Amino acid sequence: AVKFALPEIRHNMAGFEALIRLDDEVGDRRFSRIEIDMAATSWFDADMCAPFGAILYRVGHSGNAVELTNMQPGVEKILSKNGFLSHYGHMPVRDTYGTTIPYQRFDVKDDRFFASYVESKFVRRPEMPRMTQGLVKRFRESVFEVFSNAVIHSQTQLGIFGCGQFFPKKHRLDFSVADLGIGIRRNVKEHAGLDLPAHKAIVWATQEHNTTKRGPIPGGLGLKLLSEFINLNGGRLQIVSDAGYWSLEKGYTQTALLRLPFPGTVVNVEINTSDTQSYALSSELKESDIF
């Protein structure tokens with residue numbers, strides 16, 4: 001049996017690194033009993049269930065038995081409400097206030113289910129800032145493009161994991177999607193012939209004209225519209241892939257090389273829900289709106 005002590009998990013670089021350490025310590029074992037001791041996990045940002053679930057699924061896929069122990073009541077409540085713990089022998093708890101985006105695993109072939117999950121559970125949530133119909137459509141497409149680019153092109157065999165959480169007091173809506181695929185660095189290397197360090201590969205993939213898709217589809221990770229929106233809205237966008245970390249907040253991007261690689265890609269979108277502006281596509285604005 002192997003025992004791993006999990007610290008608190010927040011959706012930031014330290015949180016990702018803690019989950020990556022877990023993967024590094026238990027990821028290559030087979031047919032073992034793996035205990036994840038959560039006595040020190042005083043906080044768990046619920047949307048981080050996407051990368052956590054991806055790692056645990058990978059561990060379970062190798063014939064290991066995973067057990068989560070010593071969970072603190074607050075953490076247990078959150079992870080029961082979003083349905084995460086029902087995969088680990090706990091009873092689901094009703095999400096009375098509707099603050100969770102349920103934890104779900106999708107087969108790569110389920111892109112229709114995945115698209116409707118992204119749309120109904122995230123894009124159309126009542127807490128989202130007001131947008132015109134035209135922008136809702138484009139926003140949905142760009143969110144889906146970010147996820148499908150990072151994820152559906154990842155050649156993952158093990159599926160795609162999604163989860164989110166609305167934090168009413170903090171006015172934040174977080175949504176994360178993770179996969180266990182080849183990651184952006186390898187994708188860029190195989191399709192664009194560029195051998196870049198992991199964080200530079202994410203930067204390359206987020207540039208508007210760069211794409212690893214073959215054919216006439218314009219690329220970039222679909223981030224142009226999404227990053228413009230996030231900057232205006234005061235939210236945040238994070239991407240972790242292989243050993244690369246990239247984030248965009250308040251118009252600034254931050255990149256870092258992590259000590260160890262995540263076995264795939266995670267995209268986290270954070271919306272500032274206290275934002276009372278209404279948004280439209282620039283092509284929808286009339287002169288009277290501007291002057």
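**Entry 1: a hairpin**

I began at the hairpin of strand 8 and strand 9, which has two residues between the strands, and found that Lys-250 takes a positive phi near 50° there. I noted that this is a predicted model, in which local features need pLDDT of at least 70 and side-chain atom pairs count only at pLDDT 80 or more, while totals for chains, interfaces and linings use all residues. Residues are numbered from 1 along each chain as its sequence is written, and side-chain values use heavy atoms, with hydrogens and water left out.

For my own use I wrote down that helices (H or I, at least four residues) and strands (E, at least two) are DSSP runs, numbered from the N terminus, and that two strands pair if DSSP finds at least two bridges between them. Strand 8 and strand 9 pair in the antiparallel sense over 13 bridges, and in strand 9 I found Glu-270 as the bridge partner of Arg-236. I then looked up burial, where buried means under 20% relative accessible area, exposed over 50%, and partly exposed in between (1.4 Å probe, protein chains only). Of the 14 residues of strand 8, 13 are buried, so this strand is largely enclosed by the rest of the structure.

**Entry 2: the antiparallel sheet**

I followed these strands into an open sheet of five strands, which has the order 4-6-7-9-8 with antiparallel pairing. Its edge strands, each pairing on one side only, are strand 4 (100-106) and strand 8 (236-249). Within the sheet, strand 6 (residues 160-167) and strand 7 (residues 172-179) pair in the antiparallel sense over eight bridges, and Phe-161 stands opposite Ala-178 in strand 7.

For the helices on this sheet I took contact as heavy atoms within 4.5 Å, and axes as lines fitted to C-alpha atoms, for helices over the stretch in contact, with angles running from 0 to 180 degrees between N-to-C directions. Helix 4 (residues 111-123) lies across strand 4, strand 6, strand 7 and strand 9 (252-272), and runs at about 175° to strand 4. Helix 7 (residues 198-206) lies across strand 8 and strand 9, at about 50° to strand 8.

**Entry 3: the parallel sheet**

I next looked up an open sheet of three strands, in the order 1-2-3, whose pairing is parallel. Strand 1 and strand 3 (65-69) are the edge strands, each pairing on one side only. Strand 1 and strand 2 pair in the parallel sense over four bridges, and Phe-4 stands opposite Ile-36 in strand 2. Helix 1 lies across strand 1 and strand 2, running at about 170° to strand 1. Helix 2 packs on the sheet as well, touching strand 2 and strand 3, and its direction makes about 140° with that of strand 3.

**Entry 4: helix 1 and its neighbours**

How do the axes of helix 1 (residues 13-26) and helix 2 (residues 49-61) cross? They come within 10 Å and cross at roughly 0°. Among the residues that meet are Phe-16, Leu-19 and Leu-22 in helix 1 and Phe-52, Ile-55 and Leu-56 in helix 2.

I also noted that the buried residues of helix 1 include Phe-16, Leu-19, Ile-20 and Val-26. These buried residues of helix 1 pack against strand 1 (2-5), strand 2 (33-37), helix 2, strand 8 and strand 9.
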